[in-house]
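Biologist: Got a minute to walk me through this one? I'd like the main points, piece by piece.

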Amino acid sequence: MAEVSAGALVPSVKTEGKLAMAGDDSASALAAEMTAEGGGGGLAAEMTVAVEHDKDFLCPICMQVIKDAFLTACGHSFCYMCIVTHLHNKNDCPCCGHSLTSSQIFPNFLLNQLLKKTSARQIAKSASPVEHLRLSLQQGFEVSLKEIDSLMSLLAEKKRKMEQEEAEMNMQILLDFLHCLRKQKLEELNEIQTDLQYIKEDINTVERHRIELYRARERYSVKLRMLLDDPMVAKLRASPIDKHNSGIISSARTAHGGACSGNFQQKKIDVKAQGSSQGLQRKDAFSGSDLQNSYTQSGLAVARKRRVHAQFNDLQECYLQKRRQGANQLHKHEERDMNGIHREGYHAGLEDFQSVLTTFTKYSRLRVIAELRHGDLFHTANIVSSIEFDRDDELFATAGVSKRIKVFEFSTVVNEPQEVHCPVVEMATRSKLSCLSWNKYTKNHIASSDYDGIVTVWDVTTRQSVMEYEEHEKRAWSVDFSRTEPSMLVSGSDDCKVKVWCTKQEASVLNIDMKANICCVKYNPGSSFHVAVGSADHHIHYYDLRNISTPLHVFSGHRKAVSYVKFLSPKELASASTDSTLRLWDVKENCPVRTFRGHTNEKNFVGLTVNNEYIACGSETNEVFVYHKAISKPAAWHRFGSSNLEDADEDMGSYFISAVCWKSDSPTMLTANSQGTIKVLVLAA
């Protein structure tokens with residue numbers, strides 16, 4: 001069972017650290033070694049300061065200030081450790097080359113004393129007055145009590161002055177902080193006051209429109225009551241009852257021909273009363289229906305209000321963002337002020353937010369309306385890598401590791417519920433499939449990419465391949481037809497290449513070399529020149545195919561490989577990554593818009609699909625998540641469950657969602673998981 005659910009992993013880039021090579025001077029290295037072995041680091045440092053410009057005090061071997069000087073028989077002075085180390089390897093003087101042994105070197109007491117005195121003078125010369133005073137006192141310099149009192153007074157005065165300066169500096173720092181804080185809070189206050197003004201205006205506007213809607217509803221209710229009380233309407237409504245009663249009266253008259261006129265009149269009155277009673281009952285029934293509808297509407301309103309409060313912070317951010325943007329647009333385009341208010345006092349920002357609020361609170365769950373199994377008896381590998389609707393949403397195609405493209409009729413799957421549906425078309429391939437893309441112009445054409453790097457264009461009607469492109473050197477992960485130029489398609493591969501193809505040519509027409517594996521490619525739906533490329537380098541590269549030397553923009557933000565890119569509109573791009581986030585980007589302004597979190601995706605391709613308002617993706621928890629594009633938290637989700645009793649005890653965490661696809665801009669979508677289960681889900685209240 002583990003083999004069945006083991007899907008293809010999203011490529012990742014492993015960066016190797018580069019070793020920094022640095023060459024060290026041999027003499028300096030030897031000196032450092034001898035310093036570490038010989039100790040006296042403090043003295044060496046002092047002497048370095050003392051004679052840094054005097055070459056006469058430098059050891060000819062290590063080129064540092066001589067430490068523990070020794071004199072050779074030939075008259076040259078060296079550091080003791082330097083000359084001893086040298087004599088271990090050679091028996092000559094490093095300066096003149098005369099023969100020399102370790103018994104011919106002697107301590108140079110005079111040079112050592114000279115070095116110490118020179119160091120002391122240099123230290124004294126560079127020492128501060130305080131250090132001079134401290135040294136003098138330590139050396140027993142005699143100072144009178146009066147001089148000590150004078151020094152103490154001077155030091156106390158100096159201390160008070162320094163404390164005052166430090167206090168002034170601290171006060172200045174505190175004052176600067178308070179000024180900055182005041183400025184920041186004033187800006188926040190101005191922003192809050194502006195927001196409150198927007199809210200006040202919008203409350204008045206919404207209240208006014210609510211009253212108008214209430215009055216309109218009252219007018220409709222009055223008209224409806226008038227129609228119900230209209231004698232003609234009542235007569236039309238009562239005519240079936242009158243006919244029925246007339247039949248009863250006629251029968252009674254026939255049976256009792258000798259009945260008196262008074263009895264007949266009495267029956268007539270009874271029939272009228274009965275008809276009137278039934279009319280009242282119908283009015284009551286109508287009123288009861290209204291009451292029931294009002295209760296239902298009230299229940300829906302309560303549920304929608306709960307959704308608002310559950311996501312209040314995100315909705316608040318969305319409202320303020322749209323309201324501010326709307327106000328800025330009005331200020332920038334004052335000549336369009338009249339167009340900026342679609343209704344009386346109804347600003348564009350408020351109208352946009354109302355649209356978001358309406359669509360977001362409209363749905364709260366995903367409901368299953370159909371389910372089928374993708375596997376067959378001869379193939380145990382059931383992972384569905386891609387699932388796509390055709391141009392008219394009448395057919396949908398599936399592909400995956402079973403090496404088959406299966407095409408189903410959507411209406412049959414929904415209207416004839418059964419566990420196993422036979423595809424209307426089935427086409428065998430040579431390799432496992434990674435991606436499908438229907439041609440949005442030629443209904444019967446569909447493109448596929450596979451694990452051998454082959455991109456194929458199929459004719460669903462003839463079940464034959466139209467074109468095969470074999471230029472990719474490694475697995476091709478993604479393929480996409482252009483919506484504006486239906487003969488063009490683009491593909492991306494593990495060979496770090498993006499290739500553009502034309503169905504009228506046998507070779508690629510364009511090639512983009514990149515530095516990392518390509519996980520996904522997508523044409524902008526409003527252009528045949530702009531392509532988004534998701535890469536294992538954690539970035540999205542947005543290209544203009546007319547100039548591929550450098551991308552128009554590189555969107556950064558994901559922390560791992562970008563597995564999918566999809567366009568909601570010509571200016572809105574959604575991306576998915578194995579960092580368990582979705583991101584929304586503005587490709588017109590080249591900026592991030594929102595980050596979505598809630599699902600789990602760390603290694604597998606779990607699918608991504610978008611429409612005008614919603615973004616849906618799979619999760620490695622075997623769940624489908626739906627996000628509204630304006631809210632960062634999930635709006636609805638659904639968990640796949642096993643329909644087989646044999647799998648009831650299996651760990652469902654080993655399965656994951658592998659493909660998702662919206663049915664155009666409807667609330668219906670197709671979903672599939674690594675177990676080979678396909679579900680048709682619909683957003684519900």
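Modeller: Sure. Start with residues 145–175. That span is 100% helix and 0% strand, and its end C-alpha atoms lie 44 Å apart. Keep in mind that this is a predicted model.

Biologist: What does UniProt call residues 145–175?

Modeller: The unreviewed UniProt entry annotates them as "coiled-coil region".

Biologist: Any other UniProt features?

Modeller: Yes. The unreviewed entry places "repeat: WD" at residues 426–468, 469–501 and 555–595.

Biologist: Take 469–501. How much helix and how much strand is in there?

Modeller: Residues 469–501 are 0% helix and 55% strand. The end C-alpha atoms of that stretch are 8 Å apart.

Biologist: Okay, switching to salt bridges. How many does the structure hold?

Modeller: It holds 21 salt bridges. One of them joins Asp-202 and Arg-323, with the closest N and O atoms 2.8 Å apart.

Biologist: Where do Asp-202 and Arg-323 lie?

Modeller: Asp-202 is in helix H7, residues 145–229, and Arg-323 is in helix H10, residues 312–332. So the pair ties together parts that are 121 residues apart in sequence.

Biologist: Are Asp-202 and Arg-323 buried or exposed?

Modeller: Both are buried.

Biologist: Anything else in H10 I should look at?

Modeller: Try Ala-327, which lies in helix H10. Ala-327 counts as buried because its relative accessibility is 6%, and the cut-off for buried is under 20%. The C-alpha atoms of Ala-327 and Tyr-198 are separated by 9.1 Å, with their positions 129 residues apart along the chain.

Biologist: Which residue forms a salt bridge with Asp-494?

Modeller: Arg-475. The closest N and O atoms of Asp-494 and Arg-475 are 3.7 Å apart. Asp-494 sits in the loop between strands S16 and S17, while Arg-475 sits in the loop between strands S14 and S15. They are 19 residues apart.

Biologist: Is each one buried, partly exposed or exposed?

Modeller: They split. Asp-494 is buried, at 11% relative accessible area. Arg-475 is partly exposed, at 26%.

Biologist: And what about Asp-544 and Arg-546?

Modeller: Their side chains meet in a salt bridge, 2.9 Å from N to O. Asp-544 counts as buried at 11% relative accessibility, whereas Arg-546 counts as exposed at 56%.

Biologist: Which residues are linked in a network of salt bridges?

Modeller: Asp-390, Arg-391, Asp-392, Glu-394 and Lys-443 are linked that way.

Biologist: Now the core. How many residues does the largest nonpolar core have?

Modeller: It has 31. Ile-540, Leu-573, Leu-582 and Ile-615 have the most contacts inside it. Several strands each supply at least two residues of this core, among them S19 (518–523), S21 (540–544) and S24 (572–577). The largest share, five residues, comes from S23.

Biologist: What does Ile-615 touch?

Modeller: Leaving out residues up to four places away in sequence, its contacts include Leu-568, Leu-582, Phe-596, Phe-625 and Trp-662. There is also a second, separate core of 18 residues, which includes Cys-59, Ala-69, Phe-70 and Leu-100.

Biologist: Back to S24. I'm curious about Ser-577. Is it buried or exposed?

Modeller: Ser-577, in strand S24, counts as buried at 0% relative accessibility. Beyond its neighbours within four places in sequence, Ser-577 is in contact with His-558, Lys-560, Ala-561, Val-562, Ser-563 and Asn-601.

Biologist: How many disulfides?

Modeller: The count comes to zero.

Biologist: Why is there no bond for Cys-62?

Modeller: Because its closest cysteine sulfur, in Cys-82, is 3.7 Å away, which is too far for a bond. The cut-off is within 2.5 Å. Cys-62 is buried, with a relative accessible area of 3%.

Biologist: And Cys-435? What's the nearest cysteine sulfur?

Modeller: That of Cys-520, 9.5 Å away, and Cys-435 is in no disulfide. Cys-435 is buried too, with a relative accessible area of 13%.

Biologist: Last one. What span should helix H12 have?

Modeller: H12 covers residues 348–362, and at 1.5 Å a residue its 15 residues should span 21 Å. The end C-alpha atoms are 21 Å apart, which agrees. Buried residues in H12 include Leu-350, Phe-353, Val-356 and Phe-360.

Notes. Residues numbered from 1 in each chain as written. Predicted model: local features only at pLDDT ≥ 70, side-chain atom pairs only at ≥ 80, totals over all residues. Heavy atoms only, no water. Core = buried A, V, L, I, M, F, W, Y, C linked by side-chain atoms within 4.5 Å. Buried < 20%, exposed > 50% of the residue type's maximum accessible area, 1.4 Å probe, protein only. Helix = DSSP H or I, 4+ residues; strand = E, 2+ residues; numbered from the N terminus. Contact = heavy atoms within 4.5 Å. Salt bridge = Lys/Arg side-chain N within 4 Å of Asp/Glu carboxyl O. UniProt positions renumbered as here; feature names shortened; annotations may be inferred. Expected span 1.5 Å × (residues − 1).
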